[in-house]
Amino acid sequence: PTGELTLHLNRAAEVQAAVDDQVFGAFSAGDQTVQVSHPRLRLLGHHTVYLRERDSRGVILTSAEPIALPVLIDPERPALWLDGGQLRTHDLVTTPEQMAFRIGERWVAANLAQSVLDQSPAGTTIVARDEAGNLSEPTHLGVAAQLLPAKPGCKSVDSGLLAALAVALFL
């Protein structure tokens, strides 16, 4: 993140901006575009940019509270993987409960994703979307490994290894 934000106003105005709980900066030049620059805007997460206006005489308009604009800084895509058939995600800003998932052609909320996944056929494509709209790399539901009875003289193989191999084949 650059720490800069460009705001486009619906009319020309001299405005002053503050980020989160910081002090207001200098007034803008009085056009329809306002540049807000602050080190806090380099930090991932939720921020609030406050704007207040002054009139042509230089008087700050006190008839209204500053306008609060929510800003989300999250340029990174979430990670998505399957762990023993369980859907797992990681994102630097969005919690797993706030994720949305595309399973096949259907978008579902996090609280429904596992049940939809459990009913999906092998090879189904899965994508996670964080609250900023960033999409994960797609992953695919693997084919379940069928364990055959061991033949005399054959060594047994850990079923976890087979499941990992089946998932890896579809990545």
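Two strands count as paired here if DSSP finds at least two bridges between them. With that in hand, the sheet in this predicted model is easy to lay out: 4 strands come together as an open sheet, in the order 9-8-10-11, with antiparallel pairing. At its edges sit strand 9 (106-109) and strand 11 (139-140), each of which pairs on one side only. Further in, strand 8 (residues 100-103) and strand 10 (residues 125-129) are held in antiparallel register by 4 bridges, and R102 stands opposite V127 of strand 10. Helix 1 (residues 110-118) lies across strands 8, 9 and 10, and runs at about 125° to strand 9.

Now for a look at two single residues, starting with H47. This histidine belongs to strand 4 (residues 45-54). H47 has a relative accessible area of 6%, so it counts as buried, the cut-off being under 20%. Its side chain makes a polar contact of 2.8 Å with the side chain of D20. A polar atom of the H47 side chain also lies 2.8 Å from the backbone oxygen of L43. Beyond its neighbours within four places in sequence, H47 touches D20, R40, L41, L69, P70, V71 and I73.

The other residue is V34, in strand 3 (residues 33-37). V34 is buried too, because its relative accessibility is 4% and the limit is under 20%. Its C-alpha atom is 7.6 Å from that of L9, although the two residues are 25 apart along the chain. L9 is also one of the contacts of V34 once neighbours within four places are set aside; the others are L5, T6, L7, V15 and S28.

Conventions:
Residues are numbered from 1 along each chain as its sequence is written. This is a predicted model: local features need pLDDT of at least 70, side-chain atom pairs count only at pLDDT 80 or more; totals for chains, interfaces and linings use all residues. Side-chain values use heavy atoms; hydrogens and water are left out. Helices (H or I, at least four residues) and strands (E, at least two) are DSSP runs, numbered from the N terminus. Buried means under 20% relative accessible area, exposed over 50%, partly exposed in between (1.4 Å probe, protein chains only). A polar contact is a pair of N or O atoms within 3.5 Å; within protein, one must be able to donate a hydrogen and the other to accept it, and residues adjacent in sequence count only if both atoms are side-chain atoms. Contact means heavy atoms within 4.5 Å. Axes are lines fitted to C-alpha atoms, for helices over the stretch in contact, and angles run from 0 to 180 degrees between N-to-C directions.
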